[in-house]
Structure formats: structure tokens, C-alpha cells
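Please work through the following exercises with the sequence and the model open beside the text. Each task is followed by a solution that goes step by step.

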Amino acid sequence: MVTSLVNNREASHLKLHLLSEGVTFTESFLEKFGCDFSLMEKRRAYNNSDDAHLDLQLRVPQEIIIGDVVIAVKHKKDSPWQLEFKESYYLSHYGKPVTLVSFPFRPLLFDQKTPKGIRCDAVANLYGGSSLAFFTPSTCYYFKNGFECKFCSLEPTRDNETTFVHTITPEVASDVFRIALSSDPNIFKQIMLVGGNIPDYNLGFKNNLRITKSLNKTQEHLPASKQLEIHIATMPPRDLELINEFSKLNARLTMNLEVFDDQIFEILCSGKARDYGRENLKRALQYASKTLPDKRVHSILIAGLEPISSTIEGIKTLVSMGVTPIINVFHSDRGSPLENLSQPSYENLLSVALELEKVYQQYELTPYWNGCGRNSLDFEALHGWFS
Ligand code: SF4
């Protein structure tokens with residue numbers, strides 16, 4: 001049993017370990033958490049990074065919170081890390097207590113319905129304890145012909161989970177957001193839009209724009225300091241001028257390179273490479289970074305899918321383009337072609353994290369997920385907690 005909490009610096013290093021090595025649960029933990037309905041349970045909205053040894057019917061957390069650090073929970077049977085409960089929740093390493101931990105609260109929103117009778121939890125999710133997340137559309141056309149990204153488990157996960165609405169309209173998103181503002185005024189700190197792709201890239205982009213505008217309108221009565229920034233992860237449109245509309249919105253945009261190495265991209269993201277094109281993706285990032293103010297254009301690189309030196313080169317190149325890099329740690333998702341690929345080691349993640357820390361501090365970059373990036377390292381890098 002443990003009664004103390006490690007500091008944010010130690011917690012950031014624990015994050016690297018837990019993202020690399022995963023975690024298991026003791027019986028007492030599962031018993032306690034299983035009945036702790038005030039805490040947020042794991043919802044597999046679009047991916048499943050628990051190994052095949054976990055019974056998916058069990059109620060488990062989706063994130064661990066240690067101080068200000070939020071960490072994704074990924075069950076790995078052979079992990080040396082365990083979540084335990086004895087008077088309080090704590091983390092242990094080979095059975096030795098390390099630190100107290102906590103978990104995000106479950107928003108009251110999820111038990112409510114919109115005026116049209118749609119359950120809010122079928123529309124939105126909670127990401128990282130403080131981001132109101134909309135996943136739309138819930139399918140991705142790359143899966144049709146086997147051109148999906150090889151690390152993605154969207155289709156196998158959604159096959160098992162049928163509770164989510166397929167396409168979210170601006171009206172439905174705004175109805176849910178309106179309820180969230182009154183039911184959980186202290187939980188949500190940002191909004192996130194993410195989803196699969198449709199073949200018409202302009203239409204996909206416009207759909208995100210429409211939802212963003214509607215969400216902004218829903219909160220326009222609030223003082224600016226209370227309004228939530230909207231973060232959109234999407235493929236770029238073919239017509240780059242559509243990006244101009246973002247400059248007037250309270251929003252950030254991420255268009256993801258996924259890996260820095262062009263050849264690895266062609267193999268791992270064959271749908272994106274075939275139908276949109278790697279060079280077009282880079283051109284779109286360049287265009288957006290020149291068009292949108294305040295370094296509000298981001299791009300994800302996934303650490304663990306290419307040599308670490310390549311990820312580090314990617315960080316520097318993105319910064320030189322005026323794009324803020326996001327480093328997400330690879331998770332081997334159940335049902336994806338990369339299900340059996342090993343997670344990156346703690347040492348490799350630390351090398352990337354230290355490089356990220358340098359550029360975040362030097363260029364005063366803003367993390368895409370501000371304190372809620374369960375798989376990303378940006379928030380901790382900004383604060384210098386890795387060095
Ligand atoms: S673009 Fe790739 S990662 Fe995104 S939903 Fe489609 S297949 Fe999955």
C-alpha cells in the first residue's frame with residue numbers, strides 16, 4: 001500500500017514506461033473499479049489497444065492520472081506494472097508500490113439525451129479526462145480494399161461496438177455540447193473532432209468546418225476565456241483554399257504525416273498515399289501553416305513505426321515548416337495488421353521526448369492536447385518534465 005504521489009517529472013517518466021510496457025490489474029483493483037461508477041470506464045470508440053488476454057467485458061479505466069500527467073491504459077499481460085487497490089488506487093512495479101493514481105470522472109452528460117432523444121454517450125466520448133470527443137464519420141473508406149493504415153483498428157473495434165452514432169451532424173454535436181456545458185461545467189477543457197475518411201476529401205473537410213462553426217456558435221454567449229477551443233484531426237481537402245476558413249475559427253488543425261519516412265508511409269498508410277498523395281499532404285501542411293495564425297497547424301508522428309532517428313528528423317522538419325509536431329506513442333491495436341509489433345522501448349521514447357522538449361521550449365509551441373494527450377508526449381515536453 002502507498003500513500004504518496006510522485007511529482008510531475010517522475011510521472012512523465014512513468015508515462016514513457018507505461019506507454020511502452022503496458023499495465024495489468026489485480027483482482028482487488030478490478031473489483032473496486034468495476035463498481036466505481038463515478039469514474040470513467042474505458043470506451044473503445046475507434047480503437048482497442050488492450051492485448052487479447054483482457055476480457056473486454058471487464059470495466060477498466062481508459063486513462064491513469066498521476067499529478068498533471070494523463071496516461072493511456074493498455075493491458076499487456078507480461079507488464080511489470082500493475083494497478084492495485086487497497087484503501088486507495090495505486091501503481092506498483094513487480095509488486096512494489098510506486099505512487100497513488102487517480103482516474104478521470106465520468107461526465108453526467110453520458111446519462112442524458114438530446115431533445116431528439118439520442119443518448120449523448122452515443123454521440124460523444126471523453127478523451128484524456130477533459131476533451132469532449134466526437135468521432136465522425138465512424139467508418140473509413142480505406143478499409144474497403146485493404147488500404148487502411150496498418151496500425152488502425154477502427155473497423156475491427158467498431159464491429160464489436162455498435163453504440164456510437166455513425167455520422168454526427170452539426171445540430172446533434174451542438175445539442176450534446178449544450179448539455180455538456182450545463183451538466184459538467186468543470187470537466188471539459190477542449191473539444192476534439194476526429195474520424196475516418198470519405199472519398200470526397202473536400203466534403204469531409206467541409207463537414208468538419210460545419211460542425212466546428214456550429215459548436216462555436218453554441219458557446220458564443222460565454223466570455224472568451226470560458227470558450228473551448230476546437231481541435232480537428234482530418235485529411236486535408238483537395239481544394240486547399242477551404243483551409244482559409246479556419247483562420248477565423250477558434251480552432252486548431254492537425255493533418256497527420258504519421259511517419260516521417262516517405263517509403264514507410266507508402267507501406268503503412270497505403271490508402272492515404274494512393275488517393276491523396278504524400279507530396280500533396282506535405283503541400284497542404286505548408287499551405288495551412290502559412291494561412292493559419294499562431295502555430296495552430298499540427299501533425300502527428302507516431303513514435304515506434306520507424307527508426308527513432310527518423311522520428312527526430314521529422315520533429316525538426318515539421319518545426320522548420322511552421323508546423324507543430326505531435327508525438328504519439330505507437331500502440332499495437334487488437335485486430336490491426338500491426339497487432340504483434342512491439343511497443344517502442346522506454347529508452348527510445350526518452351530520446352524522442354528530449355528532442356521534443358527542446359523544440360517545444362525553444363519555439364514556445366502549444367500542445368494539441370493540453371493536459372489530456374494520453375498517448376502523446378507534447379504537454380510534458382512543454383513543461384520540461386523529461387529532462
Ligand atoms: S485514415 Fe487511417 S488511421 Fe484514420 S481511420 Fe482511416 S485507416 Fe484508420
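**Exercise 1: the seven-stranded sheet**

Ala-233 stands opposite Thr-254, a residue of strand 11. This is a predicted model, in which local features need pLDDT of at least 70 and side-chain atom pairs count only at pLDDT 80 or more, while totals for chains, interfaces and linings use all residues. Residues are numbered from 1 along each chain as its sequence is written.

Task: state in which sense strand 10 and strand 11 pair, and describe the sheet of strands 7 to 13.

Solution. Strand 10 (residues 229-233) pairs with strand 11 (residues 251-254) in the parallel sense, over four bridges. Strands, like helices, are DSSP runs numbered from the N terminus (E, at least two residues, for strands; H or I, at least four, for helices), and two strands pair if DSSP finds at least two bridges between them. The open sheet has seven strands in the order 7-8-9-10-11-12-13, with mixed pairing. Its edges are strand 7 (124-127) and strand 13 (324-329), each of which pairs on one side only. From one strand to the next the twist averages 30°, where angles run from 0 to 180 degrees between N-to-C directions and axes are lines fitted to C-alpha atoms, for helices over the stretch in contact.

**Exercise 2: the four-stranded sheet**

Task: give the strand order of the open sheet of four strands, and find which residue of strand 6 stands opposite Leu-91.

Solution. The order is 1-4-5-6, and the pairing is mixed. Strand 1 (24-25) and strand 6 (96-100) are the edge strands, each pairing on one side only. Strand 5 (residues 88-93) and strand 6 run antiparallel and are joined by four bridges; Leu-91 stands opposite Thr-99 in strand 6. Helix 2 (residues 27-34) lies across strand 1 and strand 4 (81-86), and runs at about 60° to strand 4.

**Exercise 3: two partners of helix 10**

Task: classify how helix 9 and helix 1 are each oriented relative to helix 10.

Solution. Begin with helix 9 (residues 308-320), which packs against helix 10 (residues 346-362) at an angle of about 15°, with the axes 10 Å apart. These two helices are therefore roughly parallel to each other, since angles under 35 degrees count as roughly parallel, over 145 as roughly antiparallel, 65 to 115 as roughly perpendicular and the rest as oblique. Ile-308, Thr-311, Ile-312, Ile-315 and Val-319 in helix 9 meet residues of helix 10, including Asn-348, Val-352 and Val-359, contact requiring C-beta atoms, placed from the backbone, within 7 Å. The residues of this contact divide into seven nonpolar, three polar and one charged (Ala, Val, Leu, Ile, Met, Phe, Trp, Tyr, Cys and Pro count as nonpolar, Asp, Glu, Lys and Arg as charged, and the others, Gly among them, as polar).

Turn next to helix 1 (residues 8-21), which packs with helix 10 at about 130°, the axes lying 9 Å apart. Helix 1 and helix 10 are therefore oblique to each other. Leu-16, His-17, Leu-19 and Ser-20 in helix 1 meet Tyr-346, Leu-349, Leu-350 and Ala-353 in helix 10, a contact with six nonpolar, two polar and no charged residues.

**Exercise 4: backbone geometry in two loops**

Task: locate the cis peptide bond at Pro-137 and the positive phi of Asp-294.

Solution. The cis bond joins Thr-136 and Pro-137, with omega about -10°, and Pro-137 is found in the loop between strand 8 (131-135) and helix 3 (154-160). Asp-294 has a positive phi of about 60° although it is not a glycine, and its place is in the loop between helix 8 (278-291) and strand 12 (297-303).

Key
Two residues are in contact if their C-beta atoms, placed from the backbone, lie within 7 Å.
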